[in-house]
Amino acid sequence: MEIPVFTVDAFTNLPFKGNPAAVCLIENELQDELYQSIAAEMNLSETAFITKRNSVDFSSGARFGLRWFTPKTEVPLCGHATLASAAVLFYIKNNVNPVVVFETLSGELCVRQNEESIIMDFPLNKPKIQAQHEVKNLLRAAVGDLPIQDVCYSETTKKLMVCLADTCERSKLTSLKPEADALLKNESTGKIKGVIVTMKGAPTAQPGYDFYSRYFAPWVGILEDPVTGSAHTVLAGYWSEKLGKKKMLAYQCSSRGGELELEIRDDGRLDISGRAQIILRGTLKL
């Protein structure tokens with residue numbers, strides 16, 4: 001069996017920036033164990049598997065199955081690997097449809113091209129305030145003694161969001177180095193699968209980022225994810241209310257870095273827009 005595979009840097013217009021994902025084009029469904037083995041072999045934060053629907057090819061089909069696996073487990077939602085998957089269909093397979101629909105564990109996700117960007121139609125997962133004393137040890141493991149403005153929790157995504165005080169400089173966020181063992185030690189209930197650390201941006205300075213963030217998820221085998229679309233389904237709900245804005249520009253300031261354009265629509269869903277660079281193509285021979 002031969003499986004076409006691609007490496008795509010998502011949420012960037014430059015190679016070796018943004019968040020890399022592997023994308024595999026699957027003619028017929030595989031066993032779950034094989035999906036997981038391939039993801040472990042690719043050893044990126046996510047490997048996406050696009051499967052045909054109704055035997056329509058990848059160039060003319062408008063509907064596909066999509067699953068995401070980390071090296072350790074399947075995940076219910078992944079933004080950067082969805083963007084990467086759409087890039088393969090639009091840029092490599094020259095898919096003829098203006099909109100492509102992915103059937104996923106998070107429901108139907110629509111993606112469309114807009115000039116040099118790809119826009120993804122995602123759910124909005126607005127978080128709720130979380131009592132800090134209930135997660136105080138985890139907070140210390142994540143951000144040390146930095147002053148905290150808010151702590152929120154998204155039950156749908158199992159993400160804890162920590163907003164640093166406005167007095168913090170961006171350098172405080174970029175210099176954070178939480179240890180996987182400390183995070184895992186202080187959260188073993190299964191309630192939390194990732195920690196988002198965020199702070200207010202600099203909207204008056206070019207390019208005008210409304211907020212910054214980083215994302216840590218050792219519970220699914222990823223100490224830090226470089227650029228995380230699913231985390232922004234939580235962040236968008238929080239920052240939209242704080243800033244009184246429906247359109248926002250976000251920057252995830254990992255070492256690779258990545259930019260996301262966000263717009264909360266009138267129907268309550270979230271458009272996440274970004275660019276992608278396909279940097280490798282090959283064949284898995286199994």
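These are my notebook entries on what I looked up in this predicted model.

**Entry 1: helix H2**

I began with helix H2, which runs over residues 79–92. I asked myself how far its 14 residues should span at 1.5 Å a residue. The expected value is 20 Å, and the end C-alpha atoms are 19 Å apart, which agrees. Next I looked at burial: 12 of the 14 residues of H2 are buried, so the helix is largely enclosed by the rest of the structure. Among the buried ones I noted Gly79, His80, Leu83, Ser85, Leu89 and Phe90. Just after H2 I found Asn94 with a positive phi of about 50°.

**Entry 2: the nonpolar cores**

Which residues touch the most other members of the largest nonpolar core? I found three names, Ile50, Trp68 and Phe102, in a core of 55 residues. Helix H2 from my previous entry gives the most to this core, with eight residues. I then picked Ile50 and listed its contacts, leaving out residues up to four places away in sequence. Its partners are Val23, Cys24, Leu25, Ile26, Phe58, Phe64, Gly65, Leu66, Ser85, Leu89 and Phe102. I was pleased to see Ser85 and Leu89 in that list, as both are buried residues of H2. Apart from the largest core lies another one, of 27 residues, and its members include Val135, Val195, Phe216 and Trp219.

**Entry 3: Val135 and Phe11**

I followed Val135 from that other core. Val135 sits in the loop between strand S9 (128–129) and helix H3 (136–143). Is Val135 buried or exposed? With a relative accessible area of 10%, under the 20% cut-off, Val135 is buried. Beyond its sequence neighbours up to four places away, Val135 touches Gln130, Val151, Leu160 and Ile192. I also checked a long separation: the C-alpha atoms of Val135 and Phe11 are 31 Å apart, and the two residues are 124 residues apart along the chain.

Phe11 got a note of its own. Phe11 is in the loop between strand S1 (2–10) and strand S2 (19–26). Its phi is positive, about 65°, although Phe11 is not a glycine. Phe11 is buried, with a relative accessible area of 2%.

**Entry 4: Glu115**

I looked up another residue with a positive phi that is not a glycine: Glu115, with phi near 55°. Glu115 is in the loop between strand S7 (107–114) and strand S8 (117–122). Its relative accessibility is 77%, so Glu115 counts as exposed.

**Entry 5: a cis bond and a hairpin**

Which peptide bond did I find to be cis? The bond from Gln206 to Pro207 is cis, with omega near 0°. Pro207 lies in the loop between strand S12 (194–200) and S13.

I went on to S13 itself. Strand S13 (residues 211–217) pairs with strand S14 (residues 222–225) in the antiparallel sense, over three bridges. Tyr215 stands opposite Asp225 in S14. The hairpin has four residues between the strands, and Gly221 takes a positive phi near 90° there.

**Entry 6: helix H6 and His232**

Helix H6 covers residues 229–243 and has 15 residues. From first C-alpha to last, H6 reaches 20 Å, close to the expected 21 Å. Where is the kink in H6 centred? I found it at Leu235, with an angle of about 30°. In H6, 12 of the 15 residues are buried, so this helix is largely enclosed by the rest of the structure. Gly244 follows H6, and its phi is positive, near 65°.

Within H6 I chose His232. His232 is buried, with a relative accessible area of 0%. Its side chain reaches the backbone oxygen of Thr228 at 2.8 Å. Leaving aside neighbours within four places in sequence, the residues in contact with His232 are Phe211, Ser213, Ala250, Gln252, Leu260, Leu262 and Leu270.

**Entry 7: Asp271**

My last stop was Asp271, in strand S17 (residues 270–274). Asp271 is buried, at 9% relative accessible area. Which side chains have polar contacts with that of Asp271? Arg112 does, at 3.3 Å, and so does Arg265, at 3.0 Å. Leaving out residues up to four places away in sequence, Asp271 touches these two arginines as well as Ile119, Met120, Asp121, Glu261, Leu262 and Glu263. Leu262 was already in my notes, as a contact of His232.

Definitions and conventions:
Residues are numbered from 1 along each chain as its sequence is written. This is a predicted model: local features need pLDDT of at least 70, side-chain atom pairs count only at pLDDT 80 or more; totals for chains, interfaces and linings use all residues. Side-chain values use heavy atoms; hydrogens and water are left out. Helices (H or I, at least four residues) and strands (E, at least two) are DSSP runs, numbered from the N terminus. The expected span of a helix is 1.5 Å times one less than its number of residues. The bend at a residue is the angle between axes fitted to the seven residues ending there and the seven starting there. Buried means under 20% relative accessible area, exposed over 50%, partly exposed in between (1.4 Å probe, protein chains only). A polar contact is a pair of N or O atoms within 3.5 Å; within protein, one must be able to donate a hydrogen and the other to accept it, and residues adjacent in sequence count only if both atoms are side-chain atoms. Contact means heavy atoms within 4.5 Å. A nonpolar core is a set of buried Ala, Val, Leu, Ile, Met, Phe, Trp, Tyr and Cys residues joined through side-chain atoms within 4.5 Å. Two strands pair if DSSP finds at least two bridges between them.
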